[in-house]
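I opened this one up to see how some of its helices sit against each other. These are my notes.

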Amino acid sequence: MTDTERADILESLAAHRGFLLFTVQGLTDEQARQRTTVSELTLGGLIKHVARTEKGWTDFIEQGPAAMEATEDSWAEHADGFVLREDETLAGVLAEYAEVAKHTDALVESLPSLDVAHPLPEAPWFPAGATRSARRVFVHIVGETAQHAGHADVLREALDGQKTMG
């Protein structure tokens, strides 16, 4: 592992977070809650989901598989993670995401090794007996953020015609 590897992870995270955050610039809370396609996804819900997913994976790095165990409460929280509720604001979700990102970045920089790994919890979407290293988790967070930045770009364009790229 090199400092370059950590710098590459941080640069990729920053770039894709920037694309995602660009999609919500200038929106009201009402716009952030608005469905613009047949999907249930909203811009505020996507930001909230990305923040909570990133936090879940960093908790996994720090606490192991117990941090990702599926329970009735965790399923309800996961479903709620896609919705910007009436008692939430876009500014509040963005502040939460900024804190999560700050923690993730500090973790990338401070882990003694990106090779630290934990077994994944049992779930139908994980192969039995699989493990994930911190490195692979960070790569997953980059991919998750990039994927949802693309979703957010489509939602924003459908909302008011703004395009993230172009």
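**Helix pair.** I looked at α1 and α6 to begin with, and they come out roughly parallel to each other, because angles under 35 degrees get that label (over 145 is roughly antiparallel, 65 to 115 roughly perpendicular, the rest oblique). Their packing angle is about 20°, and the axes are 8 Å apart. For that, axes are lines fitted to C-alpha atoms, for helices over the stretch in contact, with angles from 0 to 180 degrees between N-to-C directions. I noted the crossing as left-handed, meaning that the near helix is turned anticlockwise from the far one by less than a right angle.

Which residues meet here? On the α1 side I listed Ile9, Leu13, His16 and Phe19 among others, and on the α6 side Phe138, Val142, Thr145 and Ala149 are among them. Contact means heavy atoms within 4.5 Å.

**Ground rules.** This is a predicted model, so I kept in mind that local features need pLDDT of at least 70 and side-chain atom pairs pLDDT 80 or more, while totals for chains, interfaces and linings use all residues. Residues are numbered from 1 along each chain as its sequence is written, and side-chain values use heavy atoms, with hydrogens and water left out. Helices are DSSP runs (H or I, at least four residues), numbered from the N terminus.

**Helix α5.** I checked its length: 21 residues (90-110) at 1.5 Å a residue should span 30 Å, and the end C-alpha atoms are 30 Å apart, which agrees. The expected span is 1.5 Å times one less than the number of residues. Then I asked which residues of α5 are buried (under 20% relative accessible area, 1.4 Å probe, protein chains only; exposed is over 50%, partly exposed in between). I got Leu90, Val93, Tyr97, Val100, Ala101, Thr104, Leu107 and Val108. They cover an arc of only 120° around the axis, which puts them on the same side of α5; the arc is that of directions from the helix axis to the C-beta atoms. The face turned away carries the exposed Ala91, Glu99, Lys102, Glu109 and Ser110. The cover over the buried residues includes α1, α2, α3 and α6.

**Two single residues.** Lys48 lies in α3, and at 0% relative accessibility it counts as buried. I found Lys48 touching Asp80, Gly81, Val83, Arg85, Glu88 and Val93, leaving out residues up to four places away in sequence.

Val137 lies in α6 and counts as buried at 1%. With that same sequence cut, Val137 touches Trp57, Phe60, Ile61 and Arg132.

Methods
Helix = DSSP H or I, 4+ residues; strand = E, 2+ residues; numbered from the N terminus.
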